[in-house]
Amino acid sequence: MAKETVLVLGANGQIGTELVEALRMEYGNDFVVASDIRKPMEIHKGPFEIMDVMDENRLMEVVKEYKVTQIYHLAAMLSATAEQKIKMGWKLNMDGLLNVLNVAVECKVTKVFWPSSIAVFGPSTPKLNTPQTCYMDPSTVYGISKLAGEHWCNYYFNKYGLDVRSIRYPGLIGYKSVPGGGTTDYAVYIFHEALARGSYDCFLEADTMLPMMYMEDAIRATIELMEAPANRIKTRTSYNLAGMSFTPGELAIEIRKIMPEFKITYHPDIRQEYADSWPKSIDDSVARKEWGWQPRFDTARLVEEMMNHCKDLV
Ligand code: AKB
């Protein structure tokens with residue numbers, strides 16, 4: 001196998017923290033360059049570069065210096081934050097992606113990964129078992145940027161032959177890192193609060209069903225997609241991916257199986273609107289068929305893992 005050098009942009013974020021670790025196991029510490037706009041809290045076990053993805057020249061410099069062959073571009077503003085900072089959210093999510101795609105073509109990077117989201121769907125999209133291809137009318141800046149980004153990926157594939165691959169992540173839940181500025185974040189905070197205080201005040205209604213995934217599944221899916229033979233990747237916008245679906249009320253019931261005294265209250269805020277516009281469950285049959293995707297974690301197993309691991313953090 002040809003030697004790969006991987007660059008991860010947004011390495012300090014929720015996905016980046018875990019992805020860098022997994023990629024370093026796969027490719028070796030020295031062959032995975034982590035980068036972010038700030039130094040990480042923990043010292044990375046391999047190369048780290050401070051970089052703003054908005055700076056195309058600096059990106060080009062780093063790609064050339066390390067002879068990067070693959071880029072994972074994770075730097076983005078999530079749904080709730082982007083609604084507060086509309087222009088900045090659009091600029092970071094769009095210009096950042098275009099910089100990465102341009103540099104990848106210019107420097108002959110062989111593969112690019114870019115995350116899309118269930119936020120590409122909107123109020124007119126079928127809510128149950130949302131198909132891979134259907135009507136999409138995103139109602140958040142984040143969702144609009146992700147839908148446009150999917151089409152930019154497809155454009156670069158068709159026009160320049162750039163091997164760009166993408167997943168529409170559902171809400172991601174892991175214990176190694178915390179999310180920031182998203183709508184599905186409640187499903188991470190609930191575990192930390194349950195263990196710290198025995199209770200959680202949820203910003204979504206009890207019956208708000210959303211598609212979710214345990215981080216271990218999401219990281220494995222990402223690497224499996226990137227390592228799949230190119231001829232199996234027929235979808236160059238982004239793949240639907242499902243793990244599980246639950247409501248805050250159902251999650252609380254699962255937590256009570258381990259912690260019977262756990263209490264939950266509900267005070268929905270503006271994020272309820274974003275959640276209400278998104279699917280409740282996802283049809284990922286295209287990803288299963290084209291590159292063999294299979295989730296391993298259901299809600300019960302996720303709760304068990306999160307309660308076990310988060311208790312060491314309290
Ligand atoms: C968010 O809530 O904004 C993200 C997402 C669904 O992409 N987790």
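Buried means under 20% relative accessible area, exposed over 50%, and partly exposed in between. With 41% relative accessibility, E21 therefore counts as partly exposed. Keep those cut-offs in mind for the views below, which show a predicted model.

**View 1. The chain is split into two domains.** Domain 1 takes in 6-170 + 236-240, while domain 2 takes in 172-212 + 243-310. Their C-alpha centres sit 23 Å apart. Where the two meet, 29 residues of domain 1 are in contact with 30 residues of domain 2.

**View 2. Seven strands make an open, parallel sheet.** Read across, the order is β3-β2-β1-β4-β5-β6-β10. At the edges you'll find β3 (48-50) and β10 (239-240), each pairing on one side only. Zoom in on β1 (residues 6-9) and β4 (residues 70-73), and you'll see them running parallel, joined by four bridges. L7, for instance, has I71 in β4 as its bridge partner. Helix α4 (residues 86-106) packs on this sheet, touching β1, β4, β5 (111-117) and β6 (163-169). The direction of α4 makes about 175° with that of β4. Helix α7 is another one to look for: α7 lies across β4, β5, β6 and β10, and runs at about 155° to β6.

**View 3. Three strands make an open sheet with mixed pairing.** Here the order is β7-β9-β11. Why is one side of β7 and of β11 (244-246) left without a neighbour in the sheet? Both stand at the edges with a single partner strand each, so nothing in the sheet flanks the other side. From one strand to the next, the twist averages 45°. The pairing of β7 with β9 (residues 210-214) is parallel and runs over three bridges. As a landmark in that pairing, L172 stands opposite M213 in β9.

**View 4. Strand β8 has one covered face and one uncovered face.** In β8 (residues 199-202), Y200 and C202 make up the covered face. S199 and D201 belong to the uncovered one. The strand pairs with β12 (residues 263-266) in the parallel sense, over four bridges. Look for S199 standing opposite K263 in β12.

**View 5. Helix α1 has the span you'd expect from its residue count.** At 1.5 Å a residue, the 14 residues of α1 should cover 20 Å, and the end C-alpha atoms are 21 Å apart, which agrees. Which residues of α1 are buried? They are Q14, I15, G16, E18, L19, V20, L23, R24 and Y27. Just after the helix comes G28, with a positive phi near 100°.

**View 6. A salt bridge links K176 to E21.** The side chains of K176 and E21 meet with an N to O distance of 3.2 Å. K176 lies in the loop between β7 and α6, and E21 in helix α1 (residues 14-27), so the pair ties together parts that are 155 residues apart in sequence. K176 is partly exposed, at 39% relative accessible area.

**View 7. P179 is tucked away in a loop, and is it buried or exposed?** With a relative accessible area of 8%, P179 is buried. The loop in question runs between β7 (171-173) and α6 (186-197). Leaving aside residues up to four places away in sequence, P179 touches Q14, D185, V188 and Y189. For a sense of scale, P179 and V33 are 22 Å apart in space, C-alpha to C-alpha, and 146 residues apart in sequence.

**View 8. Two salt bridges sit within helices, R58 with E61 and R220 with E224.** How many salt bridges does the model have in total? The count comes to 13. In the R58 and E61 pair, the closest N and O atoms are 3.6 Å apart. Both residues are in helix α2 (residues 56-66), three residues apart, which puts about one helical turn between them. E61 is partly exposed, at 49% relative accessible area. E49 joins in too: E49, R58 and E61 are linked in a network of salt bridges. In helix α7 (residues 215-227), R220 and E224 are four residues apart, about one turn of the helix. Their closest N and O atoms are 3.1 Å apart. R220 counts as buried at 16% relative accessibility, whereas E224 counts as partly exposed at 29%.

Notes:
Residues numbered from 1 in each chain as written. Predicted model: local features only at pLDDT ≥ 70, side-chain atom pairs only at ≥ 80, totals over all residues. Heavy atoms only, no water. Buried < 20%, exposed > 50% of the residue type's maximum accessible area, 1.4 Å probe, protein only. Contact = heavy atoms within 4.5 Å. Salt bridge = Lys/Arg side-chain N within 4 Å of Asp/Glu carboxyl O. Pairing = 2+ DSSP bridges. Axes fitted to C-alpha atoms, helices over the stretch in contact; angles between N-to-C directions. Expected span 1.5 Å × (residues − 1). Domains from an automatic or database assignment.
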